[in-house]
Amino acid sequence: MRDHDLNTLEWPKILERLAAFTAFPWSAEKARALRPSTDLAEVQARLAETEEARRLLALEPGLDLGGVRDLRPLLKAASHGATLAPADLLSARDTIQAARRIRRLLLRRADGLPHLARHAGRMQEFPELEAEIERCLDEAGEVKDDASPTLRNLRMEIRRLTHELQARLQGYLTDPRYAPYLQEPLITMRGGRFVLPVKAEHKGKIPGLVHDSSASGATLFIEPLPIVEMGNRLRALQAQEEKEVARILAALSAAVGARAEGIWLTLEALADLDLALAKARYAIALRAERPEIVPWPEEPPEERTASPLWLRQARHPLLDPQRVVPIDVTPDPFTFILVLTGPNTGGKTVTLKTVGLLAVMAQSGLHIPAAEGSRLPVFDGIYADIGDEQSIEQNLSTFSAHLLNILGFLESATARSLALLDELGAGTDPMEGAALARAILEHFHARKTTTLVATHFPELKLWAQTTPGAINASMEFDPETLAPTYRLRIGLPGRSNAFLIARRLGMPEALIDRAQGYISPQALRLEALLAEAERLRAEAARAHEEAKRARAVAQALESEWRERLAQIEAERERILREAREQIEALLQEAREEIERIRRPLRAMHQAEVEAARRRLEALQARMRETLARAASPMEAPAEPAFAVGDRVWVRPLQMEGEILSLEGEEADVQVGRWRLRMALVDLERRERPQPAPSTPAPATALRPPQVPLDFDLRGMRVEEALPALEKFLDEAFLAGMPFVRIIHGKGTGALRRAVRERLKTHPHVESMEPTPDDGATIVRFAR
């Protein structure tokens, strides 16, 4: 495709709008460089990829490539040995993290998204590099203390020495010998040294080094001599720290450089994927549809059964979709040349550009703003001669410029090309211009080139009316308002409406009659025939609209009843689902209750097992009876009042216990060394024995502390959370709990990582596993 033709059709403006939907610069560059393909298989693959991207956005509404950065300059620098800044290393980490997430998402959906999955196949994962950057850098871009043992020791010594130095300086602030000489009782820094603000007139009262003075000269910033040596040691340590940080950053940069080629290929795959997503988002914004791409018919036009170019409700993509008037370019199967006539500003040029742009968009993989079912072939060339081609620099008139442009593709156009010609033959003598225009049209007709031409020449109307393969078309004109409606009518040539407009504007009838007398009788009969054809077309259009409205009403009623049936079915499914969930919950509760009873039974004497088994069977029968009556409400039996600390008789176990806590219709009961959850109906309150005042109460076994199953650390900082976690784990372990859940949330991930690192080394922890949403960790204790 020639750039001149693409520019004439305003293709660069389409690409700029497409680029606005991309997430990072490389994909934006690819969007601006997008060109139409002339290969049928490639065009179909491009459109299928855009269709898959739209489906992916529907399945994953929150999908974006927000974490991806354009790493190309960083990769080039790192591969040449440069040290990257911490922010650049974090950008590299974020990008490879995003690539890993996107790659795994696409591979999971590879069966339904085969074209997008190919991009995932080009991506690589770099878990070691990702983990190393995360280990060494925090989210603010600072090198962590644990990045290396050397750095950790240096920073510990710096903190110790800084604390000692500040303590020494604090002594000056509170010492009555020096306090009167200070401008303010504070410690500040100048040139990386800790100093005191001393009044200039007392310079000698505090011996030391002057590092700076205030703008007024009234204050000198002095480092007292006794701490100069400490300051020197601190600066030396800081220099070593900076050197170690630089070494760590250089090592990380070298690791990035070693993987630069793989990261580059992954980034390019991300750019191609982002371009596909941008096409999808642009299609959604345009309310566009995927066109049907049809192969060129092998038979000649006169034997075809369907036109390869067929656009319904087509809209110019650069015009306001709320205001643009859709057009139907739906020629019959035998037609491949459309001669478009009508008044100026009626929409002829916009129609030509709409057809050309939609063809370019389809061959570039973009969905088109047209109704579903629109179809296009793959043109081997799209040639456009539209607009004012006048060139002052080349001393060309409008006519000459147009002619030179047409000569540029006159011999290149084939039976599989599209030619768009605006005001063909204009800009010169009308008679000669009409003759040239007809000769050019006959050339394209002989080549079977699909051609749309806008003209004012009546000779071309007659040529289209009498030439097989060509047809007249016009832009509709409202005679009542004297304004164009911008609707395309195929089959009727445009009328000049000059006499009608003159009459409406008030021209005397005598002048109009005189002018009509100069028109040949044949031309007047043609105008009368056109008027009659227009009347018949309007009647047919009204009948079509009435039928369309009736069909719309019927479809609306059908849709309403379908929606009502769907709602009824959904409600039925909801009721059944809730009933199943309630029954399952009751069954689960029964199983848990039975299991709580069975555990202590295993330790009982064999002689008591048979009696306990009968009690369990009775309980199971009672639960089955309860489930059978789940659909009908039952009155709960009256139950005695209980209180924490009551001694109770546990009927199912035939044992005595003590109530530890109450919750609704259930209680936690300590039976021997077991803590059980029992229903209140299975408990019988016993009187508490009164201890004799003269004898000391017998020692009782320590009750295990009441420890909750969940421990919530959200809202805490790491330094607060870890000690609290230690205490909770100890209490839960001593209470005999088999497992607990630590809730740390997701957030930035810092708290989650710190908690899991501590759990790995905790002596009481046997294993741990994350919850499905990764916001908590299940901890199982070693026993």
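Okay, let's start with the sheet. In this predicted model, four strands make an open sheet, and reading across it the order is β20-β21-β23-β22, with mixed pairing. The two edges are β20, residues 710-712, and β22, residues 765-770. Each of those has a single partner strand, so one side of each is left without a neighbour in the sheet. If you look at how the strands sit against each other, neighbours in this sheet are turned by 25 degrees on average, ignoring direction.

Let's zoom in on one edge. β20 pairs with β21, which is residues 739-743, and the two run in the parallel sense over three bridges. If you want a spot to click on, try Phe 711, which stands opposite Ile 742 in β21.

Now, what lies across β20, β21 and β23? That's helix α20, residues 718-734, and it runs at about 160 degrees to β21. Then there's helix α21, residues 750-761, which also packs on the sheet. Helix α21 touches β21, β22 and β23, and its direction makes about 150 degrees with that of β22.

Okay, moving on to charges. How many salt bridges does the structure hold? The number is 54. I'll walk you through a few of them.

My pick to begin with is Asp 272 with Arg 122, where the side chains meet at 2.8 Å, N to O. Asp 272 sits in helix α11, residues 260-286, while Arg 122 belongs to helix α7, residues 114-122, so this pair ties together parts that are 150 residues apart in sequence. Is Asp 272 buried or exposed? It counts as buried, at 19% relative accessibility, and the cut-off for buried is under 20%. Arg 122, on the other hand, has a relative accessible area of 33%, so we call it partly exposed.

Next, have a look at helix α14, residues 430-446. There, Arg 438 and Glu 442 are four residues apart, which puts about one helical turn between them. Their side chains meet in a salt bridge, 3.0 Å from N to O. Both ends are partly exposed: Arg 438 comes in at 42% relative accessibility, and Glu 442 at 35%.

Over in helix α18, residues 521-601, you'll find Glu 560 and Arg 564, again four residues apart, about one turn of the helix. This salt bridge comes out at 2.7 Å, N to O. Glu 560 is partly exposed with a relative accessible area of 33%, and Arg 564 is partly exposed as well, at 39%.

And going back to Arg 122 and Asp 272 for a second: they belong to a network, where salt bridges that share partners join them with Lys 30 and Glu 268.

While we're talking about helix α18, Val 553 lies in that helix too. Together with Leu 557 and Trp 561, Val 553 forms a nonpolar patch on the surface, and the three add up to about 330 Å² of accessible area.

Last stop, Leu 209. You'll find this one in strand β3, residues 208-213. Leu 209 is partly exposed, with a relative accessible area of 38%. Which residues is Leu 209 in contact with, if we leave aside its neighbours within four places in sequence? Those are Phe 221, Ile 222, Glu 223 and Val 228. Take Ile 222: it is 13 residues from Leu 209 along the chain, and the C-alpha atoms of the two are separated by 5.3 Å.

Technical notes
Residues are numbered from 1 along each chain as its sequence is written. This is a predicted model: local features need pLDDT of at least 70, side-chain atom pairs count only at pLDDT 80 or more; totals for chains, interfaces and linings use all residues. Side-chain values use heavy atoms; hydrogens and water are left out. Buried means under 20% relative accessible area, exposed over 50%, partly exposed in between (1.4 Å probe, protein chains only). Contact means heavy atoms within 4.5 Å. A salt bridge is a side-chain nitrogen of Lys or Arg within 4 Å of a carboxyl oxygen of Asp or Glu. Patches are made of residues with over 30% relative accessible area and no salt bridge: like charges are joined within 9 Å, nonpolar side chains (Val, Leu, Ile, Met, Phe, Trp, Tyr) within 5 Å. Accessible areas come from the Shrake-Rupley method with a 1.4 Å probe; for residues, only the protein chains shown count as cover. Two strands pair if DSSP finds at least two bridges between them. Axes are lines fitted to C-alpha atoms, for helices over the stretch in contact, and angles run from 0 to 180 degrees between N-to-C directions.
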